[in-house]
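This report considers how nonpolar cores and charged pairs are arranged in one protein chain. The sequence and the structure come before the discussion.

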Amino acid sequence: SVVKVEKLNSEISPDFIISGHTGTAEILKSRYPDAELVSGNVTPEEVQNKTVIGTLPPHLAAEAAGYIPVRVKDFDYSKDGDLAGDELRERLVIDSPVKVTVS
């Protein structure tokens, strides 16, 4: 498969927040109060034609109209799994919105 990533307009607002990390989900919800927080597994149909912020695998990101990737700078699961509060806010990186295509 080939994954293609194109930049989108940066003024895009997310419809859904998807993150398995509780602290990250809480920060995103406070920043984007109108976005619906989705927990658990997500189907391709649920994200189709929607804009999603958070963490998605490429095959789901490709179904979304737009994807705003979120990551924790220098994340190390062994010590950062329960990262929260100010430290998480300082290290949370919200990337530019993109459109992902997998072919």
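A residue is called exposed when its relative accessible area is over 50%, buried when that area is under 20%, and partly exposed in between. By this scale, Lys-79 is exposed, with a relative accessible area of 59%, whereas its salt-bridge partner, Asp-76, is partly exposed at 28%. The model discussed here is a predicted one.

**Charged pairs**

The count of salt bridges comes to 4, and the table lists some of them, including the pair just described.

| Pair | Closest N to O | Relative accessible area |
|---|---|---|
| Asp-95 and Arg-71 | 3.0 Å | Asp-95 26%, Arg-71 42% |
| Asp-86 and Arg-89 | 3.3 Å | Asp-86 52%, Arg-89 44% |
| Lys-79 and Asp-76 | 3.6 Å | Lys-79 59%, Asp-76 28% |

Because Asp-95 lies in the loop between β6 (92-94) and β7 while Arg-71 belongs to strand β5 (residues 66-72), their salt bridge ties together parts that are 24 residues apart in sequence. Asp-86 and Arg-89, in contrast, both lie in helix α5 (residues 85-91), where a spacing of 3 residues separates them by about one helical turn.

**Nonpolar cores**

The largest nonpolar core has 14 residues, of which Ile-18, Val-47, Val-52, Leu-56, Tyr-67 and Val-100 touch the most other members. Two or more residues of this core come from each of β2 (16-18), α3 (58-61) and β7 (98-102). Leaving aside residues up to four places away in sequence, Val-47 is in contact with Ile-18, Val-42, Val-52, Leu-60, Glu-63, Ala-64 and Ala-65. Another core, of 11 residues, lies apart from the largest one and has Leu-28, Val-72, Leu-88 and Leu-92 among its members.

Conventions: Residues numbered from 1 in each chain as written. Predicted model: local features only at pLDDT ≥ 70, side-chain atom pairs only at ≥ 80, totals over all residues. Heavy atoms only, no water. Core = buried A, V, L, I, M, F, W, Y, C linked by side-chain atoms within 4.5 Å. Buried < 20%, exposed > 50% of the residue type's maximum accessible area, 1.4 Å probe, protein only. Helix = DSSP H or I, 4+ residues; strand = E, 2+ residues; numbered from the N terminus. Contact = heavy atoms within 4.5 Å. Salt bridge = Lys/Arg side-chain N within 4 Å of Asp/Glu carboxyl O.
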